[in-house]
Amino acid sequence: ASPARVQAVLNPITMRLKELESNLQQVDVFEKPKVHLEQYPTTPHIAAHMLNAMCETFEDIEGKAVADLGCGCGVLSIGAAMLGSGYTAGFEIDEDALAIAQQNSEAFELPIDFVHCDVVHDPWLTRRAFDTVVMNPPFGTKKNEGIDMTFIKRALQIATGAVYSLHKTSTREYIVSKVEEWGAQVEVVAQLRYDLPATYKFHKKKSVDIEVDFYRFDCSEMAGS
C-alpha cells in the first residue's frame, strides 16, 4: 500500500466527509463491467454521503457488524471499514469484481471479508448475523426484473438493525408499500441524482442522470421474526 493510502485509515472515527470521499476516489472499479449483472460502480461522492449519514446521523457503522450485499469492487465495504465498523463483509457473485475488492482492501490495509456467493439464491445467507446492511443493488432492469426487491428481502433477513439501499425514485411507492408489508419501517433519507456513465457499448449518451432514493429500512422490530 502507498503511504497515502495507509495514512488514510489511521484515524477512521474522526474522518470527515470530504476526506472519506477523497479516499474512496482511490478505490479501483470494474475493469470490464458485465451488463447482465447491471454492474455500475457506486460513485465516491454518493458512497461517501451514504456512509456519512449512516455513521453520523444514525450511528449504524461504528463498532457494528456491517454487510455489503452485491459489493462489487468494495467501495461501500471499504468506506464502512474506514469509518470504524467492528466487522465488515462483502458478498458478491462475480469473482472478477471480488478480486478487485480484495486488492482494494489490501491496498488500504483494511480487514474485510469478501465472500463469493449468490445473494439471491444461496440459502445459507439468511441468518441474522449483522447489525447493518448497506447495498447498491441492481435496479431490476434488463432481464433482472424484481431483483431489487429480492435484495431488499434478503437484507432484511440478515440485519438486526437497519438496511440502507439505493433504488430508482420511480419505484418509491411500490418499495415503501412492500417493505412496510414485510414489517420494516421505511425512511427516504435523501433523493439523489445518479449519473450513470456510458459504461457499455450500447449506451448512446455519454451519461444519463437517474433519480435515486437513498433508503433506511429499520428492521429492529423484525429481529425475532
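Contact here means heavy atoms within 4.5 Å. Keep that in mind for the close-ups below, which all come from a predicted model.

**View 1. Ser105 and the residues around it.** Ser105 sits in helix H5, which runs over residues 95-107. Is Ser105 buried or exposed? With a relative accessible area of 1%, Ser105 is buried, because the cut-off for buried is under 20%. Setting aside neighbours within four places in sequence, Ser105 is in contact with Ile78, Leu110, Ile112 and Phe114.

**View 2. Ile78, seen from helix H4.** One of the contacts of Ser105 is Ile78, so here is the view from the other side: Ile78 belongs to helix H4, and its relative accessible area of 0% makes it buried. Not counting residues up to four places away in sequence, Ile78 touches Leu24, Val27, Cys73, Asn104, Ser105, Phe108, Leu110 and Ile112. For a backbone yardstick, take Ala101: it is 23 residues from Ile78 along the chain, and their C-alpha atoms are separated by 8.6 Å.

**View 3. The largest nonpolar core.** Which residues touch the most other members of this core? Out of its 37 residues, they are Leu24, Leu51 and Ile78. Helix H2 (17-24), H3, helix H4 (75-82), H5, S5 and S7 each put in at least two residues. H3 gives the most, with eight residues. Zoom in on Leu24 and, leaving out residues up to four places away in sequence, you find it touching Pro44, Ala47, Ala48, Leu51, Val75, Ile78, Gly79 and Met82. There is also a second, separate core of 27 residues, with Ala65, Ala155, Leu156 and Ile158 among them.

**View 4. Aromatic pairs.** A pair of aromatic rings is described by the distance of the centres and the angle of the planes. How many such pairs does a search of the whole structure find? The search turns up six aromatic pairs. Phe58 and Tyr164 make a tilted one, at 6.0 Å centre to centre with 55 degrees between the planes. This pair links distant parts of the chain, 106 residues apart: Phe58 is in the loop between helix H3 (44-57) and strand S1 (65-69), while Tyr164 is in strand S5 (residues 159-168). Tyr164 is buried, its relative accessible area being 0%. Tyr215 and Phe217 form a stacked pair, 5.1 Å centre to centre and 25 degrees between the planes. Tyr215 and Phe217 are both buried.

**View 5. A ring cluster and Cys117.** Tyr87, Phe91, Trp124 and Phe130 are linked into a cluster by ring pairs. Two of these names come back around Cys117, whose contacts beyond four places in sequence are Phe91, Glu92, Ile93, Asp122, Trp124 and Leu125. Cys117 is in the loop between strand S3 (113-116) and strand S4 (130-135). Despite the loop address, Cys117 is buried, with a relative accessible area of 3%. From Cys117 to Phe91 is 26 residues in sequence and 6.2 Å in space, C-alpha to C-alpha.

**View 6. Salt bridges to strand S7.** Side chains of opposite charge can pair when their charged atoms come close. The count for this model is five salt bridges. One of them joins the side chains of Arg172 and Asp213, at 2.7 Å from N to O. Where do the two partners sit? Arg172 is in helix H7 (residues 172-181) and Asp213 is in strand S7 (residues 207-218), 41 residues apart, so the pair links distant parts of the chain. Arg172 counts as partly exposed at 30% relative accessibility, whereas Asp213 counts as buried at 0%. Arg193 pairs with Glu211 in another salt bridge, the closest N and O atoms being 3.2 Å apart. Here Arg193 comes from strand S6 (residues 185-197) and Glu211 from strand S7, 18 residues apart. Glu211 counts as partly exposed, at 38% relative accessibility.

**View 7. A small charged network.** Asp218 and Arg216 meet through their side chains in a salt bridge of 3.7 Å, N to O. Asp218 and Arg216 are both buried. Which residues are joined into one network by salt bridges that share partners? They are Asp60, Arg216 and Asp218.

Note on methods. Residues are numbered from 1 along each chain as its sequence is written. This is a predicted model: local features need pLDDT of at least 70, side-chain atom pairs count only at pLDDT 80 or more; totals for chains, interfaces and linings use all residues. Side-chain values use heavy atoms; hydrogens and water are left out. Helices (H or I, at least four residues) and strands (E, at least two) are DSSP runs, numbered from the N terminus. Buried means under 20% relative accessible area, exposed over 50%, partly exposed in between (1.4 Å probe, protein chains only). Rings of Phe, Tyr and Trp (its six-membered ring) pair if their centres lie within 6.5 Å; planes under 30 degrees apart count as stacked, over 60 as edge-to-face and the rest as tilted. A salt bridge is a side-chain nitrogen of Lys or Arg within 4 Å of a carboxyl oxygen of Asp or Glu. A nonpolar core is a set of buried Ala, Val, Leu, Ile, Met, Phe, Trp, Tyr and Cys residues joined through side-chain atoms within 4.5 Å.
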